[in-house]
Amino acid sequence: MSSAVPAGPPCMLIIAGHLVVDPAEREGMLAEGARVVTLARSAPGCLDFSLTADTVDPSRVVVLERWESETDLLAFRGSGPDPGTAAKILDADVKRYEIASVGEP
């Protein structure tokens, strides 16, 4: 039995990681992010989108996105965060994952 991943486009894109912000700025950033979450969740191809406060580290914002396709992701993403939001991000570790198969746990 082969463990090779089938060729072809991924069946889902996941964007996951975290942003580092000044702890004093985090709640405001999350409040501003609520508008982005609402827009993303109604965008074509968005399966999930979340920006949440880390439960242990007051400087971390957890990012989780699931998209049906790269086209949908890029159509929503545009040019990225506005300059005001980008200035609040001190560091980031967010990665893109192309998922070939999905199953129940």
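Trainee: Leaving aside neighbours within four places in sequence, which residues is A40 in contact with?

Mentor: A40 is in contact with C46, F49, W67 and F76. This is a predicted model, and the values are computed from it.

Trainee: What makes A40 part of a nonpolar core?

Mentor: A core is a set of buried nonpolar residues joined through side-chain atoms within 4.5 Å. A40 is listed among the buried residues of α1, and the largest core, of nine residues, includes A40 along with C46, F49 and W67. The elements giving two or more residues to this core are β1 (12-21), α1 (23-41) and β2. Another core, of six residues, lies apart from it, with V21, M29, L30 and V63 among its members.

Trainee: Why is F49 called buried, and F76 partly exposed?

Mentor: Buried means under 20% relative accessible area. F49 has 4%, so F49 is buried. Partly exposed runs from there up to 50%; F76 has 25%, so F76 is partly exposed.

Trainee: How do you know that F49 and F76 form an aromatic pair, and what makes the pair edge-to-face?

Mentor: Ring centres must lie within 6.5 Å, and planes over 60 degrees apart count as edge-to-face. For F49 and F76 the centres are 5.9 Å apart and the planes are at 70 degrees. Both conditions are met, so the pair is edge-to-face.

Trainee: Which parts does this pair tie together?

Mentor: F49 lies in strand β2 (residues 46-53) and F76 in helix α2 (residues 70-77), so the pair ties together parts that are 27 residues apart in sequence. The search of the whole structure finds two aromatic pairs, and F49, W67 and F76 form one aromatic cluster.

Trainee: How do you know that the span of α1 is close to the expected value?

Mentor: The expected span is 1.5 Å times one less than the number of residues. With 19 residues, α1 is expected to span 27 Å, and from its first C-alpha to its last it reaches 26 Å. The helix does bend, by about 30 degrees at G33.

Trainee: What covers the buried residues of α1?

Mentor: The cover includes β1, β2, β3 (60-67), α2, α3 (83-88) and β4 (89-99). G33, where α1 bends, is one of the buried residues of this helix.

Trainee: What makes the approach of D22 to A24 a polar contact?

Mentor: The cut-off for N or O atoms is 3.5 Å. At the start of α1, a side-chain oxygen of D22 reaches to within 2.8 Å of the backbone nitrogen of A24, so the distance meets the cut-off.

Definitions and conventions
Residues numbered from 1 in each chain as written. Predicted model: local features only at pLDDT ≥ 70, side-chain atom pairs only at ≥ 80, totals over all residues. Heavy atoms only, no water. Phe/Tyr/Trp six-rings, centres within 6.5 Å; stacked < 30°, edge-to-face > 60°. Helix = DSSP H or I, 4+ residues; strand = E, 2+ residues; numbered from the N terminus. Buried < 20%, exposed > 50% of the residue type's maximum accessible area, 1.4 Å probe, protein only. Contact = heavy atoms within 4.5 Å. Bend = angle between axes of the 7 residues up to and from the residue. Polar contact = N/O pair within 3.5 Å; in protein donor to acceptor, adjacent residues only side chain to side chain.
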